[in-house]
Structure formats: structure tokens, C-alpha cells
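This briefing goes with the sequence and structure shown here. The notes that follow are grouped by topic.

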Amino acid sequence: MALDQSFVGRSYPPTDPYEVGREKIREFAEAVGDANPVYTDTEAAKALGHSDVIAPPTFVFAITFKASDQVIEDPQLGLDYSRVVHGDQRFVYTRPVRAGDRLTVTSSIETIKSLAGNDILDIRGEVHDEAGEHVVTVWTKLVARAAEPAAEGA
């Protein structure tokens with residue numbers, strides 16, 4: 001069953017603040033194999049004008065994807081998460097994520113499309129710091145695959 005188009009534009013409440021830690025940044029940089037010292041060395045980050053280590057660009061995905069749970073778990077939307085695959089991700093930064101940031105995410109449904117029986121859902125996450133300043137906008141595309149046709153004779 002196709003997702004309800006009336007959900008386009010629906011926004012969900014901001015998340016509780018997520019405090020970005022140096023160790024989380026280091027672990028993430030190691031996990032993705034990025035040895036850039038601005039992710040692990042405060043002095044290297046300061047030499048480039050940052051107040052502390054910064055996070056790799058895709059670090060914020062973990063925060064925004066968790067925030068999109070509000071959309072995914074909305075019983076009125078009716079998304080069958082067992083059929084969902086991650087379709088795409090896009091980031092537009094105002095500034096880098098820094099250690100010590102306390103970030104909140106406000107998720108909203110930007111588009112819902114149906115294509116060949118699949119539902120395609122675009123969720124926009126607006127990430128702000130504790131002062132309310134914009135840090136990054138993240139778009140997450142989810143594809144809810146069409147149900148398998150019933151087997152003959154079943």
C-alpha cells in the first residue's frame with residue numbers, strides 16, 4: 001500500500017541534544033579509515049582555525065538517522081521498515097561538527113513517491129547547535145520495497 005502523500009511537509013519535534021565527543025569522532029574516523037589529523041589531534045585542528053577536533057562529514061549520519069526514527073516509527077505513516085533499504089544520503093554543511101557540540105535534529109518528510117510499487121521517502125534532518133545555529137542539513141532517502149507477489153498455488 002502506498003504511503004500517504006498528506007505526510008509530505010510533516011515535521012517532528014527536535015531530538016534531545018547529542019553531545020559530540022572527541023572519542024566518538026576518533027572512533028568514527030578510524031572506522032571509515034580516514035587518518036586526517038583534524039579528526040584526532042586538537043592542535044592539528046586548531047592550526048586550521050578550528051576550536052577543537054572536527055568530525056568527518058558523514059559522522060552526523062548516526063545522529064540524523066537515529067532522529068529519523070520518529071518518522072519511521074510513526075504508526076500513522078504505516079511504513080513497513082522490514083522492507084526498507086537505504087537509498088541515498090546528502091549533506092549540506094554550514095560549518096563542521098566539532099567536539100563539544102550539543103546538537104539537536106528536527107526531522108521532516110520532504111517527499112513521498114511511488115515507483116514500480118516501491119515507496120520512496122525523503123527525510124530532511126535540520127541539525128542545530130545549542131545556540132540554535134544551523135550546522136548541517138541531511139537528506140536521507142529510504143526505499144520501502146514492494147511486497148513480493150503471492151506465489152501461485154500457495
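**Contacts of Phe 59**

Outside its neighbours within four places in sequence, Phe 59 is in contact with Tyr 18, Val 20, Lys 24, Ile 25, Phe 28 and Val 97. The model is predicted. Phe 59 counts as buried because its relative accessibility is 5%, under the 20% limit for that class.

**Nonpolar cores**

- The largest nonpolar core has 21 residues.
- Phe 59 is among the residues with the most contacts inside this core, together with Ile 25, Val 60, Val 97, Leu 103 and Val 127.
- At least two residues of this core come from each of α1 (22-31), α3 (61-67), β3 (102-115) and β5 (134-144).
- With three residues, β5 gives the most to this core.
- Separate from it is a second core of 14 residues, which includes Leu 3, Leu 79, Ile 109 and Leu 121.

**Phe 28 and the aromatic pair**

- Phe 28 lies in helix α1.
- Phe 28 counts as partly exposed because its relative accessibility is 22%, and the partly exposed class runs between the buried limit of 20% and the exposed limit of 50%.
- With neighbours within four places in sequence left aside, Phe 28 is in contact with Pro 56, Thr 58 and Phe 59.
- For Phe 28 and Pro 56, the C-alpha atoms are separated by 7.8 Å, and the two residues are 28 apart along the chain.
- Three aromatic pairs are found in a search of the whole structure.
- One of these pairs joins Phe 28 and Phe 59 in an edge-to-face arrangement, with 5.5 Å centre to centre and 85° between the planes.
- This pair links distant parts of the chain, 31 residues apart: Phe 28 is in helix α1, while Phe 59 is in the loop between α2 (42-47) and α3.

**Thr 42**

- Thr 42 has its place in helix α2.
- Not counting residues up to four places away in sequence, Thr 42 touches Arg 22, Asp 52 and Val 53.
- Between Thr 42 and Glu 110 there are 37 Å in space, C-alpha to C-alpha, and the two are 68 residues apart in sequence.

**Secondary structure and overall dimensions**

- The chain has four helices and five strands.
- Their pattern along the sequence is β-α-α-α-α-β-β-β-β.
- The C-alpha trace spans about 65 × 30 × 20 Å along its principal axes.
- Of the contacts between residues at least 6 apart in sequence, 69% join residues at least 24 apart.

**Burial, surface and charge**

- The chain has 154 residues, and buried residues make up 37% of them.
- About 8700 Å² of the chain is exposed, and 53% of this is supplied by carbon and sulfur atoms.
- The chain carries 15 positive and 25 negative charges, and the mean positions of the two sets are 2 Å apart.

Definitions and conventions: Residues numbered from 1 in each chain as written. Predicted model: local features only at pLDDT ≥ 70, side-chain atom pairs only at ≥ 80, totals over all residues. Heavy atoms only, no water. Core = buried A, V, L, I, M, F, W, Y, C linked by side-chain atoms within 4.5 Å. Buried < 20%, exposed > 50% of the residue type's maximum accessible area, 1.4 Å probe, protein only. Contact = heavy atoms within 4.5 Å. Areas by Shrake-Rupley, 256 points an atom, 1.4 Å probe, with all protein chains shown as cover. Lys, Arg positive; Asp, Glu negative; His and termini not counted. Charge placed at Lys NZ, Arg CZ, Asp CG, Glu CD. Phe/Tyr/Trp six-rings, centres within 6.5 Å; stacked < 30°, edge-to-face > 60°.
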